[in-house]
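Let's take a walk through this model together, moving from helix packing to the sheets. Keep the viewer open so that you can follow along.

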Amino acid sequence: MSVVDIHCHILPGLDDGSPDMTTSIAMARLAISVGISTAIGTPHWIEDEHETDPAQVRQMSADLQAELDREDIPLSVLPGNEAFVCPSLPDRVKKGDVLTLADKGTHLLLELPYEDLPNYVDDVIFRLQLQGLIPVLAHVERYAFVRSDWHVLDRWVQHGCLAQVNASSLDRTMGDGLAQDLVDRGLIACTATDAHDTAHRAPRSIWNEWGMCLLREVT
Ligand SMILES: [Fe+2]
C-alpha cells in the first residue's frame with residue numbers, strides 16, 4: 001500500500017523547510033521509516049513575498065530524486081506548492097506560476113491566513129474549481145475561523161474541497177483535540193506531515209486514502 005504525503009517541505013533551499021540536500025535525505029529516510037512511499041514537495045508560494053520559480057521546484061525535485069536513487073532510499077519525490085490564497089491565485093495557476101500537487105493539474109494545496117478569513121476566499125475557491133482544480137485546504141485545524149466554527153469548513157467540503165490536517169495535530173501530546181474532532185465529523189480527506197526538518201517538524205506517520213488515485217493519474 002502506497003502512502004502519499006501531499007504536504008511537506010522536503011525540497012532543499014526553497015523555503016523555510018529543508019535547508020540543504022543532507023537534511024532532505026535525512027527527512028526522506030525518516031519518511032520511509034514511517035511508511036511513506038511518495039512525498040510531494042510543497043514549498044510555500046506567497047504572491048509578491050515568496051514566489052518560487054516553477055522550473056526550479058521541478059528541477060529540485062528531480063535533483064533530490066536522483067540523490068535518493070543514488071542512496072538507495074525508496075522514496076518517490078514529486079513537485080508541488082503550498083499556495084497562499086490571494087485574489088489573483090487562479091490566474092497565477094493558469095499562467096503556470098504555481099504548481100499543482102505532483103504537477104498533475106488536478107489538485108492545488110491551498111493555505112489560508114491563520115486569523116481572519118478574507119472575503120475573497122470563496123470566490124478564489126470557486127474560480128479554481130471552474131478551472132477544473134480541486135482545492136486541498138492545508139492544515140485546516142490551524143485556522144481561527146475553523147476553530148471557532150467548523151461549519152465554515154463543512155461548507156467548503158460540501159462544495160467539493162478536500163481538507164488536510166497535520167499528523168502532529170492528531171498526536172495527543174501535541175494537538176488539542178480539534179483536528180481529531182474534524183476527523184470524527186468526516187470533514188478530513190487526509191493527514192500529511194507538513195515536515196520541515198528532522199527534529200520538531202519531522203516526517204511522521206500519516207494516512208491518505210485518495211493519494212494513490214492522484215498518483216495513478218500522474219503516471
Ligand atoms: Fe506547509
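Before looking at any packing, we need a rule for contact: two residues are in contact if their C-beta atoms, placed from the backbone, lie within 7 Å. Helices (H or I, at least four residues) and strands (E, at least two) are DSSP runs, numbered from the N terminus. Residues are numbered from 1 along each chain as its sequence is written. Please remember that this is a predicted model, in which local features need pLDDT of at least 70 and side-chain atom pairs count only at pLDDT 80 or more, while totals for chains, interfaces and linings use all residues.

Start with the meeting of two helices. From helix 1, Met21, Ser24, Ile25 and Ala28 touch Leu64, Glu67 and Leu68 of helix 2. Sorted by class, this contact holds five nonpolar, one polar and one charged residues; here Ala, Val, Leu, Ile, Met, Phe, Trp, Tyr, Cys and Pro count as nonpolar, Asp, Glu, Lys and Arg as charged, and the others, Gly among them, as polar. Helix 1 spans residues 21-33 and helix 2 residues 54-70; they pack at an angle of about 60°, their axes 11 Å apart. Axes are lines fitted to C-alpha atoms, for helices over the stretch in contact, and angles run from 0 to 180 degrees between N-to-C directions.

Helix 2 also leads us to a sheet, since it lies across strand 2 and strand 4 and runs at about 175° to strand 4. That open sheet has three strands in the order 1-2-4, paired in parallel, where pairing requires that DSSP finds at least two bridges between two strands. Strand 1 (4-8) and strand 4 (76-79) are its edges, each pairing on one side only. On average, neighbouring strands here are turned by 25° against each other, direction ignored. Strand 2 (residues 38-41) is joined to strand 4 by four bridges, and alanine 39 has valine 77 as its bridge partner in strand 4.

Now turn to the other sheet, an open one of six parallel strands in the order 3-5-6-7-8-9. Strand 3 (44-45) and strand 9 are at the edges with a single partner strand each, so one side of each lacks a neighbour in the sheet. Three bridges link strand 5 (residues 82-84) with strand 6; phenylalanine 84 is matched with glutamate 111 as its bridge partner in strand 6.

How many residues of strand 8 (residues 162-166) are buried? Five of its five are, where buried means that 20 or more other C-beta atoms lie within 10 Å of a residue's own, exposed means 12 or fewer, and partly exposed is in between, with C-beta atoms placed from the backbone. Leu162, Gln164 and Asn166 lie on one side, Ala163 and Val165 on the other. Strand 8 runs parallel to strand 7, with two bridges between them, and pairs over three bridges with strand 9 (residues 190-192).

Finally, look at helix 4 (residues 121-130), whose buried residues are Val121, Val124, Ile125 and Leu128. Because they cover an arc of only 100° around the axis, they sit on the same side of helix 4; the arc is that of the directions from the helix axis to the C-beta atoms. Asp123 and Leu130 are exposed on the other side. The buried residues pack against helix 3 (89-94), strand 6 (107-111), strand 7 (134-137) and helix 6 (151-158).
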